[in-house]
Structure formats: structure tokens, C-alpha cells
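This report covers the fold, the sheet and its packing, one loop residue and the internal space of a single protein chain.

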Amino acid sequence: MRPVDSGATRALPRGLLVAAVLLLGARVAAAVYEKYHPSETWSLVAWVPMEQAQALSRERHLPILYYFSADWCSPCLVMERDVFNNDYAARGINQRYIPVRLKDRRQEEGENPPAVQSLINEHDVYAFPFFSIVGPDGKVHRQTRGYNGYTGTLQFLRIPTPSGRRPAPVR
């Protein structure tokens, strides 16, 4: 008769435990970093820093498209997915405008950088999303607030839709 084995024959996988603890620590560190350094939403639009927009507008004879948004704004997220990640719409924006994305940070940080707040005040932004189109001469041509759907946004931007159909967004 064989004696009953009372213990495991394998050694404790210490290397595996160490690797698991290191990976968990790395994930926690990444989460903390992401909290204080949020990533930009992916976009096909070639956003220009606000500091360069006026000079590029005069140089290229194109109006500036100011897009005001906020991280907490659900309609902004939908628009970014449906419009800014759509190849046709993004190409139209890039060809017709000097696009500038400005994020309101008051809810997250208590205040905006002075230059962003100055533009928010200048354009009387009180809701998000908000578009303001400014000519190379610095005069506001037109503005709109809220997300009016893919077609409504293209109509405001004066980008014709091909055959009246909505091209699919890039996923």
C-alpha cells in the first residue's frame, strides 16, 4: 500500500507572483498618470494650436474653426466619434478651415488657462459643443452650439455630403 501524499510536489512559483505584483503596480501607476494627464481623443482632424491659428489663417486665407468642448460633455464625445473620426468630414474640415480645439477645464481644474478663458469670453461660449468660425480678418462669421447630428454639423460647416449619404465613421 502506498502512503498518501500530504503535500504539493511543485515549488511555489515565486517568479510568477513577483511578475503579477509588478504588473498590478504598473497598472495602478498608469491609472494615476491617466487621471492627471488625460489623453486626447483620437481624431482625423489636423488640430492646430491656438497660438498658431491666426498666423496660419492669414497665410492660407482660410477661416479659423474654433471648437469648444469639455471632457464631461456627452454630445461632444458623440460628435468627435461621428464627425472628427469620419474621413470625409475630417478631410472637409482640414481643407476649408484652420481647426482649433479648445477644452474647457473649469470642472476638472477649477479654471481654464488664461488664453482659453479669454477666447471663451470673447466668443460668449456658454454651452458645449460650440463652434465659432472666424475669418482671417478676425471677424466672427457664424457660430452654433450643441450637436446637431452629422448632417447638421456638415451643413453648418458648409461641407456637402456626397450623394446625400452619410459616410461611415472610421472605427
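Helices and strands are taken here as DSSP runs, with at least four residues for a helix and at least two for a strand, numbered from the N terminus. The model is a predicted one. On that basis the order of elements along the sequence is α-α-β-α-α-β-α-α-β-β-α, with seven helices and four strands in the protein. Of the 171 residues, 37% are buried. Among contacts with a separation of 6 or more, 68% are between residues 24 or more positions apart.

**The sheet**

The four strands form an open sheet in the order β2-β1-β3-β4, and the pairing is mixed. The edges are held by β2 (98-104) and β4 (140-145); each has a single partner strand, so one side of each lacks a neighbour in the sheet. From one strand to the next, the twist averages 15°.

Strands in a sheet pair through backbone hydrogen bonds, in a parallel or an antiparallel sense. Both senses occur at β1: strand β1 (residues 64-70) runs parallel to β2, with seven bridges between them, and β1 pairs with β3 in the antiparallel sense over five bridges. The table lists residues of β1 with their counterparts in the adjoining strands.

| Residue in β1 | Counterpart | Strand of counterpart |
|---|---|---|
| Ile-64 | Ile-98 | β2 |
| Leu-65 | Pro-99 | β2 |
| Leu-65 | Ile-133 | β3 |

Helix α2 (residues 50-60) packs on the sheet and touches β1 and β2, and its direction makes about 160° with that of β2. Helix α3 (residues 74-84) also packs on the sheet, where it touches β1, β2 and β3 (130-134); the angle between its direction and that of β1 is about 140°.

**Burial of β1 and α3**

In a regular strand, side chains alternate between the two faces of the sheet. In β1, Ile-64, Tyr-66, Phe-68 and Ala-70 point one way, while Leu-65, Tyr-67 and Ser-69 point the other way, and all are buried. Because seven of the seven residues of β1 are buried, this strand is largely enclosed by the rest of the structure.

In α3 the buried residues are Cys-76, Met-79, Glu-80, Asp-82, Val-83 and Phe-84. Their cover includes β1, α4 (87-96), β2, β3 and α7.

**Lys-139**

Lys-139 lies in the loop between β3 and β4. Its relative accessibility is 57%, and a residue over 50% is classed as exposed, so Lys-139 counts as exposed. Apart from neighbours within four places in sequence, Lys-139 is in contact with Ile-133 and Val-134. Lys-139 and Pro-63 are separated by 76 residues in sequence, with 9.5 Å between their C-alpha atoms.

**Internal space**

Empty space shows up when a probe the size of a water molecule is rolled over the atoms. Searching the whole structure gives one cavity of 30 Å³ or more. The largest cavity holds about 30 Å³ of space. Its lining consists of Phe-131, Thr-144, Gly-146, Asn-148, Gly-152, Thr-153 and Phe-156. Helix α7 (residues 149-157) supplies the largest share of this lining, three residues. By class, the lining has two nonpolar and five polar residues, and no charged residues.

Methods
Residues numbered from 1 in each chain as written. Predicted model: local features only at pLDDT ≥ 70, side-chain atom pairs only at ≥ 80, totals over all residues. Heavy atoms only, no water. 1 Å grid on protein atoms, 1.4 Å probe; cavity = no way out; pocket = protein on both sides within 12 Å on 5 of 7 lines; lining within 4 Å. Points joined across faces, edges and corners; volume = space filled by probe spheres on them. Nonpolar A, V, L, I, M, F, W, Y, C, P; charged D, E, K, R; others polar. Pairing = 2+ DSSP bridges. Axes fitted to C-alpha atoms, helices over the stretch in contact; angles between N-to-C directions. Contact = heavy atoms within 4.5 Å. Buried < 20%, exposed > 50% of the residue type's maximum accessible area, 1.4 Å probe, protein only.
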